[in-house]
Amino acid sequence: MPGSLRKTVDEIYTGATRRAERFRYALIAFDLITIMAFLVTAPMEQTRGMEVAGLVIGMLIATDFAARLWIAPDRRAMLLKIYTLADVVVVVSLLISPFIHQNIAFLRILRGLRIIHSYHLLRDLRRASVLFRRHEETVIAVVNLFVFVFFTTSVVHAMFADKADGLNGYIDALYFTVTTLTTTGYGDITPQTTGGKLMSVLIMLVGVALFVQLARAIIQPAKVNMKCQTCGLLKHDPDAVHCKHCGEVVHIETSGRN
């Protein structure tokens, strides 16, 4: 019985059947919904209803995590991935939240870590979408910027913004993050503490690098990530028939349309 159940779980997570595809699309939708839910509720005061909803989401994330771990060929490698560690932290923060009954700043930051699961979402999309594989570098650059902006906003809002401001405080944190990241520097919101100034320096340094990465991904010709089995070249033109490095035939999956 356990072996049969494990086979079934493995099939819906990794199989090529229609049922497996529908299940994985449902997981993608669940990931997107939970990421957006945590972003939207970040500035809100914690209510009993939100605690219950968070507890249910935490249990669902924990179930998904346990299933992936159960069927993983290398469990140690999975546990060391950054999005796996982030999910563990998020689940713990959601499960303990109803017993604390306080809108503690660090819990909002921990829930914001769910956005890091975007990288696991990218892996699922790489397998499910030809369009994604064709524009993978650009999408990854956008996601890198998105993750950095909104996670940094959560940290700024929790650590430096006025907690009583609610939504306005969160918008101020987002505004401060974006203006600092772009080095616009209007000066209407400025850090007064040493920690705030160091945070500004970090935002500027990382933000410039992420903008350069995004610009390069947009300007450079689109490439498809597929490893050549002969020479190991990873990137090829979307319509490539032969590897430019060694001449070996490559089989790039396409939608069948020009």
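A salt bridge is a side-chain nitrogen of Lys or Arg within 4 Å of a carboxyl oxygen of Asp or Glu. The exercises below apply this and related criteria to a predicted model.

**Exercise 1. Salt bridges**

Task: State how many salt bridges a search of the whole structure finds, and examine the pairs E11 and R19, R18 and E21, and E51 and R48.

Solution.
1. The search of the whole structure yields 4 salt bridges.
2. Between the side chains of E11 and R19, the N to O distance is 2.8 Å; this pair qualifies because the cut-off is 4 Å. R19 has a relative accessible area of 46% and is partly exposed.
3. R18 and E21 form a salt bridge at 3.3 Å, N to O. Both belong to helix α2, where a spacing of 3 residues separates them by about one helical turn. R18 is exposed, at 56% relative accessibility, while E21 is partly exposed, at 30%.
4. For E51 and R48 the N to O distance is 3.0 Å. These two residues lie 3 apart in helix α3, about one turn of the helix.
5. An α-helix has 3.6 residues a turn, so residues three or four places apart point the same way.

**Exercise 2. Helix α3**

Task: Compare the reach of helix α3 with its expected span, and decide whether E51 is buried or exposed.

Solution.
1. Helix α3 covers residues 48-71, which is 24 residues.
2. From its first C-alpha to its last, α3 reaches 35 Å, close to the expected 34 Å.
3. E51 has 6% relative accessibility and is therefore buried, the cut-off being under 20%. Its salt-bridge partner R48 is exposed, at 51%.
4. The buried residues of α3 also include G54, I57, G58, I61, D64 and F65.

**Exercise 3. The nonpolar cores**

Task: Identify the helices that supply the largest nonpolar core, and list the contacts of I115 beyond its sequence neighbours.

Solution.
1. The largest nonpolar core contains 19 residues, and I61, V90, L94, I115 and I116 have the most contacts inside it.
2. At least two of its residues come from each of α2 (18-41), α3, α5 (82-100) and α9 (136-159).
3. Helix α5 provides the largest share, 5 residues.
4. Once neighbours within four places in sequence are set aside, I115 is in contact with I35, L39, F146, V147, F150 and F151.
5. Another core, of 14 residues, lies apart from this one; V149, A173, M199 and L210 are among its members.
6. In soluble globular proteins, nonpolar side chains tend to be buried together.

**Exercise 4. A nonpolar patch on the surface**

Task: Name the residues of the nonpolar surface patch, and classify L95 by its accessibility.

Solution.
1. The patch is formed by M59, V88, V92, L95 and I96, whose accessible area together is about 380 Å².
2. Helix α5 gives the most to this patch, with 4 residues. L95 is located in that helix.
3. L95 has 32% relative accessibility and so counts as partly exposed.

**Exercise 5. The chain as a whole**

Task: Describe the secondary structure, burial and surface of the protein chain.

Solution.
1. The chain has 11 helices and 2 strands. In sequence order, the pattern is α-α-α-α-α-α-α-α-α-α-α-β-β.
2. Of its 258 residues, 38% are buried.
3. Among contacts between residues at least 6 apart in sequence, 58% join residues at least 24 apart.
4. The accessible surface amounts to about 14,900 Å², with 66% belonging to carbon and sulfur atoms.

Terms used: Residues numbered from 1 in each chain as written. Predicted model: local features only at pLDDT ≥ 70, side-chain atom pairs only at ≥ 80, totals over all residues. Heavy atoms only, no water. Expected span 1.5 Å × (residues − 1). Buried < 20%, exposed > 50% of the residue type's maximum accessible area, 1.4 Å probe, protein only. Core = buried A, V, L, I, M, F, W, Y, C linked by side-chain atoms within 4.5 Å. Contact = heavy atoms within 4.5 Å. Patch = residues over 30% accessible without salt bridge, like charges linked within 9 Å, V, L, I, M, F, W, Y side chains within 5 Å. Areas by Shrake-Rupley, 256 points an atom, 1.4 Å probe, with all protein chains shown as cover.
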